[in-house]
Amino acid sequence: MEDCEDLLSSQLWRELTHNQSEISSPSRTSSPDLESSREQSTERGDQYCLQADIKPLISAHVEEFTTVQPSSACFDSYAPTLKRKRQRSEDNVGVDTEPSKPRERSEIPKVARQGQAHWLTSRDELRRQWDEREFGEWAGQFREQLKMCSRGHIRSQHECLLRSLHMAVADGLIRPAAFDGDDEWERSFLGWTSFQVERKHAGEFRRRIADLFERPPTDSTLNNCLRRAGFGPSALCWDQAWSGLTAFEY
């Protein structure tokens, strides 16, 4: 603060003395040394008086510029937000805002066990139906695929799908492509690389896949049943593949 006051005092004094020197002129001539001595004496006296007079003014200006005055606009801009927060607080008085409790941990294994029990039951029923069918020229390849299933410890859902595909071939619902004898999943689904639905039997084939589930499945669930086995429509349209217009490919 004192440095600011001294700086402003020096600036104001220089401006005032400069203007005074331009306006006033000596009334008589004198020797240079005497004139210089008189001017220095006058300058020191005037400067002392001027500093004494303007120092309170400088202090007032410095205090004004160094004091931050809060603007009412800042509070006005936050007023709507504060009002909304206050309103929400008032509206939530007496309301239970605790989060909903998650499902009990004991319920999750229960649902999983029910699903496993369903697929085990379906697998046993399809095994019985499979043994009653005649597969003709496909019999040897289908038995080999079931051996792949046993060696790979394939889960019941995939075994149900495999046996359903076998019986769909035997009943003329689908046409399989050439089988791959390798049991590597990177190349095929237990030997299946592709198949196409017979258009006149598209509804029956879709119904058989849907009957694998415990309750009527959605279209997405049906698609996921084949997708989890690695199959997808060749034309990127599931409806066309289900209707027999395009093939399902691994």
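A residue counts as buried when its relative accessible area is under 20%, as exposed over 50%, and as partly exposed in between. Keep those cut-offs at hand for this tour of a predicted model.

**Stop 1: S156**

Select S156, in helix α6. Is S156 buried or exposed? Its relative accessibility is 15%, and the cut-off for buried is under 20%, so S156 counts as buried. Now show what surrounds S156. Setting aside neighbours within four places in sequence, S156 is in contact with W119, L120 and R123. Keep W119 displayed. W119 comes back at the pocket stop.

**Stop 2: the whole chain**

Zoom out. Colour by secondary structure. The chain has 9 helices and 4 strands. Read from the N terminus, the elements run α-α-α-α-α-α-β-β-α-α-β-α-β. The chain holds 250 residues, and buried ones make up 28% of them. A contact map is worth opening here. Take the contacts between residues at least 6 apart in sequence: 64% of them join residues at least 24 apart.

**Stop 3: α5 against α6**

Select residues 139-151 for helix α5. Add residues 156-170 for helix α6. How do the axes of α5 and α6 cross? They come within 11 Å and cross at roughly 175 degrees. Angles over 145 degrees count as roughly antiparallel, so α5 is roughly antiparallel to α6.

Next, show side chains on both helices. From α5, pick F142, Q145, L146 and C149. They meet E159, L162, R163, H166 and V169 in α6. By class, this contact has 5 nonpolar, 2 polar and 2 charged residues.

Stay on α5 and select Q141. Its relative accessible area is 36%, so Q141 is partly exposed. Draw a C-alpha distance from Q141 to G191. The two are 50 residues apart in sequence and 8.8 Å apart in space.

**Stop 4: from α6 across to α4**

Go back to R163, one of the α6 residues in the contact with α5. Draw a C-alpha distance from R163 to Q129. The separation is 9.1 Å, with the two positions 34 residues apart along the chain. Q129 is found in helix α4. At 25% relative accessibility, Q129 counts as partly exposed.

**Stop 5: the second largest pocket**

Select residues 107-131 to bring up helix α4. Which element gives the most to the lining of the second largest pocket? Helix α4 does, with 5 residues. The space in this pocket is about 240 Å³. It is lined by 12 residues, and those closest to its centre are H118, W119, F213, E214 and R215. W119 is also the residue that S156 contacts. By class, the lining divides into 5 nonpolar, 5 polar and 2 charged residues.

**Stop 6: α7 and α8**

Select residues 202-210 for helix α7 and residues 219-227 for helix α8. Their axes come within 10 Å and cross at roughly 85 degrees. The range for roughly perpendicular is 65 to 115 degrees, so α7 and α8 are roughly perpendicular to each other. Show the side chains where they meet. R206, I209 and A210 belong to α7; D219, L222 and C225 belong to α8. This contact divides into 4 nonpolar, no polar and 2 charged residues.

Step back to K200, in the loop between β2 and α7. At 73% relative accessibility, K200 counts as exposed. Which residue, 43 places away along the chain, has its C-alpha 8.6 Å from that of K200? Select S243.

**Stop 7: two leucines with positive phi**

Finish with backbone torsions. Select L190. L190 has a positive phi of about 50 degrees although it is not a glycine. L190 sits in the loop between β1 (174-176) and β2 (194-197). Is L190 buried or exposed? Its relative accessible area is 2%, so L190 is buried.

Then select L236. Here too phi is positive, at about 60 degrees, and the residue is not a glycine. L236 is placed in the loop between β3 (232-233) and α9 (238-243). Colour both leucines by accessibility. L236 reaches 80% relative accessibility and so counts as exposed, whereas L190 is buried.

Notes:
Residues numbered from 1 in each chain as written. Predicted model: local features only at pLDDT ≥ 70, side-chain atom pairs only at ≥ 80, totals over all residues. Heavy atoms only, no water. Buried < 20%, exposed > 50% of the residue type's maximum accessible area, 1.4 Å probe, protein only. Axes fitted to C-alpha atoms, helices over the stretch in contact; angles between N-to-C directions. Parallel < 35°, antiparallel > 145°, perpendicular 65-115°, else oblique. Contact = heavy atoms within 4.5 Å. Nonpolar A, V, L, I, M, F, W, Y, C, P; charged D, E, K, R; others polar. 1 Å grid on protein atoms, 1.4 Å probe; cavity = no way out; pocket = protein on both sides within 12 Å on 5 of 7 lines; lining within 4 Å. Points joined across faces, edges and corners; volume = space filled by probe spheres on them.
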